[in-house]
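Reader: I'd like to go through this one term by term. Could you show me the structure and then let me ask what stands behind the words?

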Amino acid sequence: MYDVIIIGGGPAGLTAGLYNARARLNVLLLERLAPGGQVLTTDWVENYPGFPDGVSGFELMDRMKTQAERFGLKIQSDEVAGLELSADRKAVLTAAGSLETKAIVLCCGATWKKLEIEGEDQLMGKGVSFCATCDGPFYRNQEVAVIGGGDTALEEAIFLTRFVSKIHLVHRRDKLRATRVLQERAMSQEKIEFIWDSIPVKILGEKGVEAIELKNVKTQAVSRKSVQGVFVFIGTLPNTDMVKGLIRLDENGFVVTDDNMQTSVPGVFAAGDIRSKLFRQISTAVGEGAAASYAVEKYLESLAG
Ligand code: NAP
């Protein structure tokens, strides 16, 4: 019987794990892949405090993992198939069996949203990508399209300018959502050409991406751009399949919690990108992981009477 099982090893999970391990709880962190979460796909992080010159996403997460393990956090690679939540029993179901626990912290994060258009699935990994850090170097001196107008799209487009000859940045409105500093940086890049008020309708190609078809949402005009890569950064969907029907979710499927990260089920907490909130940052995930760990301790004390 664990005191607490943390599901997900991104910034929120590793922080909750660090704090709960330092509090000498019997804590296990489950992660289906390598700990680090989506930050691992970020080339360079420059708004996490304490790193005035920035830090690579990989290094930051490696440091968080090392720090948590130094205090005894046990990390296990396992895919969670489901949860059993009743008033007197909580269990996490994995391929390796059922793990009983007194409390659970959901830090499962979110997954990149897809465009859901023709050609996207067929050409996934053959020119359609959701990770510039992983795939950017394959597009040296080639033309690519980047879809989206948020922080991720601009940050990744700026990263891609190191490799590609030209980026067609396609945004569905005429105003970007991204933070000002990224807008200014992207606008000053000669390699980035903005295509406003447009959405992709089809990705074309046989063995690899050859072109993208775009529709102007104001004029309805359809045009075609020759590109060898399409990078999709249009936001994320929460990884909440395992808790659907068990805890309260908002209208977009994110987990609703109170200020102490408590979900609608006592003893089940949530932190990081999986939570219903406005601002998704590494720093907010870290803060919520710490808050969740404290709430877990208080909950365990209440069980002990
Ligand atoms: P986001 O902020 O939700 O932006 C998604 C972008 O994609 C928006 O511009 C949106 O257009 C567009 N979009 C959404 N659905 C679309 C569709 N079906 N077709 C075409 N375009 C579509 O997502 P994000 O950029 O991944 O960022 C997620 C969170 O992480 C944000 O809170 C962000 O601030 C944070 N983040 C922070 C940093 C950083 O601080 N350095 C870096 C990366 C991410 P509209 O604008 O019209 O809605």
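Author: What follows is a set of questions and answers on a predicted model.

Reader: Let's begin with the ligand. Which residues are closest to the ligand?

Author: The ligand is surrounded by 17 residues, and Asn47, Asp151, Glu155, Arg173 and Arg177 are the closest. By character, that shell splits into 2 nonpolar, 8 polar and 7 charged residues.

Reader: What makes the approach of asparagine 47 to the ligand a polar contact?

Author: A side-chain N or O atom of asparagine 47 sits 2.6 Å from an oxygen atom of the ligand. The cut-off is a pair of N or O atoms within 3.5 Å, so this pair qualifies.

Reader: Which backbone atoms come up against the ligand's oxygen atoms?

Author: Glycine 149 has a backbone N or O atom 3.0 Å from an oxygen atom of the ligand. For arginine 280, a polar backbone atom is 3.2 Å from a ligand oxygen. On its own the ligand has 910 Å² of accessible area, and the protein covers 79% of that.

Reader: Histidine 171 next. Why is histidine 171 called buried?

Author: Its relative accessibility is 5%, and buried means under 20%, so histidine 171 counts as buried. Histidine 171 lies in the loop between β12 and α5. Setting aside residues up to four places away in sequence, histidine 171 touches Gly148, Gly149, Leu176, Arg177, Ile195, Trp196, Asp197 and Ser198.

Reader: How do you know that helix α4 is largely enclosed?

Author: Helix α4 covers residues 151–160, and 7 of its 10 residues are buried, so the rest of the structure largely encloses it. The buried ones are Ala153, Leu154, Glu156, Ala157, Ile158, Phe159 and Leu160. They pack against α3 (132–135), β11, β12 (166–170), α5 (180–187), β13 and β17.

Reader: Several of those are strands. In what order do the 5 strands of the open sheet run?

Author: The order is β10-β17-β11-β12-β13, with parallel pairing. In general, strands of a sheet pair through backbone hydrogen bonds, either parallel or antiparallel.

Reader: What makes β10 and β13 edge strands?

Author: Each of them, β10 at 128–129 and β13 at 192–195, pairs on one side only.

Reader: How do you know that β10 and β17 count as a pair?

Author: There are 2 bridges between β10 and β17, in the parallel sense. Pairing requires at least two bridges, so they qualify. Serine 129 stands opposite phenylalanine 231 in β17.

Reader: And what joins β11 to β17?

Author: Strand β11 (residues 143–147) and strand β17 (residues 229–232) run parallel and are joined by 4 bridges. Here valine 144 stands opposite glycine 229.

Reader: Why say that both faces of β17 are covered?

Author: Gly229 and Phe231 on one side, and Val230 and Val232 on the other, are all buried. Buried means under 20% relative accessible area, so both faces of β17 count as covered.

Reader: Now backbone angles. What makes the phi of glutamate 116 worth a remark?

Author: Glutamate 116 has a positive phi of about 60° and is not a glycine. Most residues other than glycine have a negative phi. Methionine 261 is also a residue other than glycine with a positive phi, near 70°.

Reader: Are those two residues buried or exposed?

Author: Glutamate 116, in the loop between β9 (110–112) and β10, has 61% relative accessibility. Exposed means over 50%, so that residue counts as exposed. Methionine 261, in the loop between β18 (236–238) and β19 (268–270), has 6% relative accessibility. That is under 20%, so methionine 261 counts as buried.

Reader: Why is isoleucine 75 called partly exposed?

Author: Isoleucine 75 has a relative accessible area of 25%. Buried needs under 20% and exposed over 50%, so 25% falls in between. The residue belongs to strand β5 (residues 74–77). Leaving aside neighbours within four places in sequence, isoleucine 75 is in contact with Leu14, Leu29, Pro35, Lys65 and Glu69.

Reader: And what puts arginine 32 in the partly exposed class?

Author: Its relative accessibility is 47%. The limits are 20% and 50%, so arginine 32 counts as partly exposed. Arginine 32 is in the loop between β2 (27–31) and β3 (44–45). Beyond neighbours within four places in sequence, arginine 32 is in contact with Asp78, Glu79 and Asn239.

Note on methods: Residues are numbered from 1 along each chain as its sequence is written. This is a predicted model: local features need pLDDT of at least 70, side-chain atom pairs count only at pLDDT 80 or more; totals for chains, interfaces and linings use all residues. Side-chain values use heavy atoms; hydrogens and water are left out. A residue is near a molecule or strand if one of its heavy atoms lies within 4 Å of it. A polar contact is a pair of N or O atoms within 3.5 Å; within protein, one must be able to donate a hydrogen and the other to accept it, and residues adjacent in sequence count only if both atoms are side-chain atoms. Accessible areas come from the Shrake-Rupley method with a 1.4 Å probe; for residues, only the protein chains shown count as cover. Ala, Val, Leu, Ile, Met, Phe, Trp, Tyr, Cys and Pro count as nonpolar, Asp, Glu, Lys and Arg as charged, and the others, Gly among them, as polar. Buried means under 20% relative accessible area, exposed over 50%, partly exposed in between (1.4 Å probe, protein chains only). Contact means heavy atoms within 4.5 Å.
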